[in-house]
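I opened my notebook to record what I looked up in this model. Here are my entries, in the order I made them.

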Amino acid sequence: MTAALSYEAVLADRDAIMRASVGIDYQQYVTGVLAFDYERLLADTGYDIQRTQDVQSRTGVGNTPLIELHHITSLVRFLAAPGKGARIFVKDEAANPSGSFKDRRASLSVYEAKRRGYEGVVAATSGNYGAAVASQAAKAGMRCIVVQEAFDSQGIAQPEIAEKTRACEAYGAEVIRLSVGPELFYVFLCVLKETGYFNASLYTPYSIVGIETLGYELAGQVQEQTGRFPDLVIATHAGGGNVTGTARGLRKAGAVDTKVVAASVDLTGLHMASDRDFNRKSFTTGHTGFSMPFTTWPDRADVPRNAARPLRYIDRFVTVTQGEVFYMTQVLAELEGLERGPAGNTSLAAAFSMAQELDADQIVVIQETEYTGAGKHPLAQLNLAKQMGVEVRRGDPRDNKPGQRIVIPEHPSQIAVVDVDLEHVRRSYVRHALEAVHGEQPMSEIDLDFLAAETRSSRAYVKEAVNEWHRTT
Amino acid sequence: MAEYIEKGTWVEIHRIVLPAGQRASQVPGETQQVPLEMRVKGFLAERSSLGDEVEIVTSVGRRLRGMLTDVNPAYTHSFGSPVPELLMIGREVRTILGGTRGGG
């Protein structure tokens, strides 16, 4: 019976449950107080690009089209300075079996779970990933349980999550719907313990390696269509897997000079564990409520070591507002004939702004779309927002106030990314890392090198940041 | 007299996982004041009535217990009404691009 065991007892048993359900002994990768061998953790999956593609192609995952957005590019050039306005392409990941790039993440996890003899898979997710795991499990003949944070204390379901409930159930999964709160993790652990199923976490090495094919494919497609690698690839950023896997795939394709941009919807001020705020957010993912905590400390995930480590790969981190994304969702439908999103449209809004900074012969790629449907649509979100007392109006998107006011731009020239200060993010990462080992033995040179790799900085930078932390605590 | 729901009917159960006041320490005050609730669908194991404590068999074959709250629960999420704030965007951007495709 789910959640028959006490909260304290289950959390105390967390490490053993995790070990049994992921089948990875993370301890063997530890190399220092903080450091672990990240590359070996990923390499030990045994999947290179070719092998991943082989597994994914069995279920029709991947090889999605790359579509040039000619009319949106024209609109960008209308607004940009002469000679500016990069070509914009989108990777139509909605063409995957369950309608999003999450099929890439689910495919290796479910394949591995099956290979190792697990009876079923469990995923803690309210988003597309649940549908992806359920779809892959259906194809593999495995059982699937999805644990969702789905409704508030008034019983009001977030419409996008309601659609995910429906999709998971359509694929034959058991869906456990919970009200708001991080204790979802407790229910998740109970389910793992009771069933002995595989933990198809978003953050295992399999989940990240599965995304590498996305970056790899798009690099090849851009080169084939334009004769060059993309200048900018923009990924909608939440838990960090999308950015990490895509960037790794780009590098494996040889696109080492391509800049990787992480784009999130700005939900500053809204608390992710708040019952009140839950339905005052018009985005369920791809927002700063996930991307900030996960970028500044990835190891808050449902596995001991998160294989998504975005700060290693991000060249630029930007935010856009909810209203800007809704505006661009409408533009995508009406100018390009593509009704997609919400998730990829965060990157689209960022691309629209950033393409104006680039030269006309440069190339920007939005690396995903997702399927649109009932609940997963600006209409559903804006109608709910109005019902919850959030003001919706046309105006200057700078007047946007998460949870209180959604401002739909009056003119495309008002769409502008806001840069997140990566220096601040790096400092925050180092602070979290030091807090995580507080009171333990001093860090070795290996740890300093690890932190330098994690923050894409240098040993000298890390030493200075560590000294600063000691001075101020 | 309570109406019976037959064994094998597709239903939803509800259960309190953590009561109000026993939530995790890190959750905000207003979340502390409400319980952590769970809803799951499955096939009813025995003939019962709404409000009964019942057992269900989920789609993966697990047996779960909770209060019977709904019978053949509907998917009610939708698109809703058109939103006026979005209606003019297409026309506006087409006008900027030259208004040749039904803009302006």
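**Entry: where strands meet across the chains**

Which strand of chain A is joined to β2(B), and by how many bridges? I looked up strand β5 of chain A, residues 174-179. Three bridges join β5(A) to β2(B), and the two run antiparallel. I noted one facing pair: L178(A) stands opposite M38(B). I must remember that this is a predicted model.

**Entry: the whole contact between the chains**

Next I looked up the contact as a whole. Chain A puts in 55 residues and chain B puts in 37 residues. Which elements of chain B each supply at least two residues of its side? I listed the strands β1 (10-18), β2 (36-44) and β4 (63-71) of chain B. The helices α1 (29-32), α2 (84-87) and α3 (89-96) of chain B are on the list too. β2(B) gives the most, with six residues. I then sorted the chain B side by class. I found 20 nonpolar, nine polar and eight charged residues there.

**Entry: strands inside chain B**

I stayed with chain B and followed β4(B). β1(B) pairs with β4(B) in the antiparallel sense, over four bridges. There, I13(B) has L68(B) as its bridge partner. β3(B), residues 53-57, also runs antiparallel to β4(B), and five bridges join the two. In that pairing, E55(B) has R65(B) as its bridge partner. What do β3(B) and β4(B) form together? They form a hairpin, with five residues between the strands. I checked the turn and found G61(B), which has a positive phi of about 95°.

**Entry: the domains of chain A**

I moved to chain A, which is divided into three domains. Domain 1 takes 7-51 + 100-205, domain 2 takes 60-99 + 206-419, and domain 3 takes 428-472. I wrote the ranges with plus signs since domain 1 and domain 2 are each listed in two pieces. How far apart are the centres of domain 2 and domain 3 of chain A? Taken over C-alpha atoms, 31 Å separate them. Five residues of domain 2 of chain A and seven residues of domain 3 of chain A make the contact. On the domain 2 side of chain A, I noted two nonpolar, one polar and two charged residues.

**Entry: the sheet in chain A**

I traced an open sheet of seven strands in chain A. The order is β1-β2-β10-β7-β8-β9-β13, and the pairing is mixed. Why is one side of β1 and of β13 of chain A left without a neighbour in the sheet? β1 (66-68) and β13 (418-419) stand at the edges, and each has a single partner strand, so one side of each has no neighbour. I looked at the β1(A) edge. β1(A) pairs with β2(A), residues 87-91, in the antiparallel sense over three bridges. E68(A) stands opposite F89(A) in β2(A). Then I found a helix on the sheet: α11(A), residues 241-252, packs there and touches β7 (232-236) and β8 (259-265) of chain A. The direction of α11(A) makes about 155° with that of β7(A).

**Entry: three helix pairs in chain A**

My first pair was α2(A), residues 14-22, and α9(A), residues 184-195. They pack at an angle of about 55°, with axes 10 Å apart. That angle makes α2(A) oblique to α9(A). The crossing of α2(A) and α9(A) is left-handed. From α2(A), the contact has R14(A), I17(A) and S21(A); from α9(A), it has L189(A), L192(A) and K193(A). These divide into three nonpolar, one polar and two charged residues.

My next pair was α16(A), residues 422-436, and α18(A), residues 459-472. Their axes come within 10 Å and cross at roughly 65°. Is the crossing of α16(A) and α18(A) left-handed or right-handed? α16(A) passes α18(A) in a right-handed crossing. R427(A), V430(A), R431(A) and L434(A) of α16(A) make the contact with V462(A), A465(A), V466(A) and W469(A) of α18(A). By class I found six nonpolar, no polar and two charged residues.

My last pair was α7(A), residues 128-140, and α8(A), residues 159-170. The axes come within 8 Å and cross at roughly 5°. α7(A) and α8(A) are therefore roughly parallel to each other. G130(A), A131(A) and A134(A) in α7(A) meet K164(A), A167(A) and C168(A) in α8(A). I counted four nonpolar, one polar and one charged.

Key
Residues numbered from 1 in each chain as written. Chains lettered and ligands numbered in written order. Predicted model: local features only at pLDDT ≥ 70, side-chain atom pairs only at ≥ 80, totals over all residues. Domains from an automatic or database assignment. Contact = placed C-beta atoms within 7 Å. Nonpolar A, V, L, I, M, F, W, Y, C, P; charged D, E, K, R; others polar. Pairing = 2+ DSSP bridges. Axes fitted to C-alpha atoms, helices over the stretch in contact; angles between N-to-C directions. Parallel < 35°, antiparallel > 145°, perpendicular 65-115°, else oblique. Left-handed = near helix turned anticlockwise from the far one by under 90°.
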